[in-house]
Amino acid sequence: MLPGYVAVAALKHFVPVTTIARWLAREPHPRVDPDLVDRISGASRRIRRMSPIGDRDCLQRSLVLFRQLPRAGLKPSLAMGFRRVDGRLEGHAWIVVDDRPFDEPVMPGSPFEETCRIGADGRVLTGQRDAAPAGARS
């Protein structure tokens, strides 16, 4: 996952996230592999812990999960949203599987209001306004 993480880290500064998501989208494997889901989740948590900027790299981490989870048979979507904290606007990106945030760190504070969701096929979905749990800021 690390090479993808590094590639997305560079791409996100030059390419719209919707385009990156289309490039990364893939059909899910027909069967869910719980062991592979656990390995992908563990790798994501290790990347999050090793990051020198904490979870402020939530977009690139989420994009890598968006790419990897279909290998394990899951159908992820990429959600992005915002919240206000002490007059500042904070953004966050997270993965949603089966209408629940996937492997998301929960931190105190108000939830993020979802403003955009990209489906597993890489297309922007409309009408998604679910609040995500409070997570690390971006």
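**Exercise 1.** In this predicted model, find which residue caps the N-terminal end of α3, then check the length of the helix against its number of residues.

*Solution.* The cap is D33, with a side-chain oxygen 3.1 Å from the backbone nitrogen of D35. Helix α3 covers residues 34-50, which is 17 residues. At 1.5 Å a residue the expected span is 24 Å, and the end C-alpha atoms are 24 Å apart, so the two values agree. As for burial, the buried residues of α3 include L36, V37, I40 and I47, and also R48.

**Exercise 2.** Where are D86 and D98 found, what sign does phi have in D86 and in D98, and are they buried or exposed?

*Solution.* Start from the expectation: most residues other than glycine have a negative phi. D86 departs from this with a phi near 50°. This residue sits in the loop between β1 (77-85) and β2 (88-97). Exposed means over 50% relative accessible area; D86 has 74%, so it counts as exposed.

D98 also has a positive phi, about 55°, and belongs to the loop between β2 and β3 (100-101). Its relative accessible area is 63%, so D98 is exposed.

**Exercise 3.** Describe the largest nonpolar core and state which element gives the most to it.

*Solution.* The core has 27 residues, and L63, F66, L69, L78, I95, F102 and I118 have the most contacts inside it. Elements giving two or more residues are α1, α2, α3, α4, β1, β2 and β4. Of these, α4 gives the most, with 5 residues. For L63, set aside neighbours within four places in sequence; the contacts that remain are V8, V17, I20, A21, L24 and L78.

Methods
Residues are numbered from 1 along each chain as its sequence is written. This is a predicted model: local features need pLDDT of at least 70, side-chain atom pairs count only at pLDDT 80 or more; totals for chains, interfaces and linings use all residues. Side-chain values use heavy atoms; hydrogens and water are left out. Helices (H or I, at least four residues) and strands (E, at least two) are DSSP runs, numbered from the N terminus. The expected span of a helix is 1.5 Å times one less than its number of residues. Buried means under 20% relative accessible area, exposed over 50%, partly exposed in between (1.4 Å probe, protein chains only). A polar contact is a pair of N or O atoms within 3.5 Å; within protein, one must be able to donate a hydrogen and the other to accept it, and residues adjacent in sequence count only if both atoms are side-chain atoms. A nonpolar core is a set of buried Ala, Val, Leu, Ile, Met, Phe, Trp, Tyr and Cys residues joined through side-chain atoms within 4.5 Å. Contact means heavy atoms within 4.5 Å.
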